[in-house]
Amino acid sequence: MSDTSAIDIRDNRAKGLLEAYENGRLTGRIAYFVLDAEPAALVPVHTVVRPEFEGRGIAGALVREFYGIAAREGVPVVPLCPYAAGWARRHPEEAPEAPADLVTAAERQLKENPDLW
């Protein structure tokens, strides 16, 4: 993993995107939505890094920040994105497991609204 300290990560909640930039260039993003349930949750559905930036730890930095945002907001993360789910399994100390009922609710919301990402 390379140094990701030069990466600027920005949360565009209105568009449901957590985006990583380096020197003003978009390098990667997480598409997500906010769960319409109580409690609310942040639900990442897709993580992508532009090919020329792969292998530099950007996806991991995005997911780590995503969990950080959720922790600061006091809400759980329901990782429907395969990359985010794998990252969470490898970093359980940073990525608390979401309650099963929230996972079910997030899956339902995404199925009913596939345009969420």
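In which loop does Asn23 lie? Asn23 is found in the loop between strand 2 (17–22) and strand 3, where helices (H or I, at least four residues) and strands (E, at least two) are DSSP runs numbered from the N terminus. The model is predicted: local features need pLDDT of at least 70, side-chain atom pairs count only at pLDDT 80 or more, and totals for chains, interfaces and linings use all residues. Residues are numbered from 1 along each chain as its sequence is written, and side-chain values use heavy atoms, with hydrogens and water left out.

**Backbone features in the loops**

Most residues other than glycine have a negative phi, and most peptide bonds are trans. Asn23, a residue other than glycine, has a positive phi, near 50 degrees. With a relative accessibility of 74%, Asn23 counts as exposed; the classes are buried for under 20% relative accessible area, exposed for over 50%, and partly exposed in between (1.4 Å probe, protein chains only). The peptide bond from Glu38 to Pro39 is cis, its omega being near -5 degrees. Pro39 belongs to the loop between strand 3 and strand 4. Gly74, just after helix 1, has a positive phi of about 75 degrees.

**Strands 3 and 4**

Strand 3 and strand 4 form an antiparallel pair over 7 bridges; two strands pair if DSSP finds at least two bridges between them. Within this pair, Val34 stands opposite Leu42 in strand 4. Strand 4 is largely enclosed by the rest of the structure, because 6 of its 8 residues are buried.

**Helix 1**

Helix 1 contains 16 residues and reaches 22 Å from its first C-alpha to its last, close to the 22 Å expected at 1.5 Å a residue. The expected span is 1.5 Å times one less than the number of residues in the helix. Buried residues of helix 1 include Ile58, Leu62, Phe66, Tyr67 and Ile69. The cover over the buried residues of this helix includes strand 1, strand 2, strand 3, strand 4 and helix 2, contact being defined as heavy atoms within 4.5 Å.

**Helix 3**

The 13 residues of helix 3 (residues 100–112) should span 18 Å at 1.5 Å a residue, and the end C-alpha atoms are 18 Å apart, which agrees. Leu102, Ala105, Ala106, Gln109 and Leu110 are the buried residues of helix 3. They cover an arc of only 130 degrees around the axis, which puts them on the same side of helix 3; the arc is that of the directions from the helix axis to the C-beta atoms. An α-helix has 3.6 residues a turn, so residues three or four places apart point the same way. On the other side of helix 3, Ala100, Asp101, Lys111 and Glu112 are exposed. The buried residues of helix 3 pack against strand 3 (25–34) and strand 4 (42–49).

**Nonpolar cores**

A nonpolar core is a set of buried Ala, Val, Leu, Ile, Met, Phe, Trp, Tyr and Cys residues joined through side-chain atoms within 4.5 Å. In the largest nonpolar core, of 22 residues, those touching the most other members are Leu18, Ile30, Ile58, Phe66 and Tyr67. At least two residues of this core come from each of strand 2, strand 3, strand 4, helix 1 (58–73) and helix 2 (82–90). Helix 1 supplies the largest share of this core, 8 residues. Another core lies apart from it and has 13 residues, among them Phe33, Ala41, Val45 and Leu102.

**Salt bridges**

A salt bridge is a side-chain nitrogen of Lys or Arg within 4 Å of a carboxyl oxygen of Asp or Glu. By this rule the count comes to 9 salt bridges. The table gives three of these pairs.

| Pair | N to O distance |
|---|---|
| Arg13 and Asp11 | 3.2 Å |
| Glu73 and Arg13 | 2.8 Å |
| Glu65 and Arg72 | 2.6 Å |

Glu65 is partly exposed at 25% relative accessibility, whereas Arg72 is exposed at 59%. Salt bridges that share partners join Asp11, Arg13 and Glu73 into one network. In this network, Asp11 is partly exposed, with a relative accessible area of 34%, and Arg13 is partly exposed, with a relative accessible area of 33%. The pair of Glu73 and Arg13 links distant parts of the chain, 60 residues apart: Glu73 is in helix 1, and Arg13 is in the loop between strand 1 (8–12) and strand 2. Glu73 counts as partly exposed at 40% relative accessibility.
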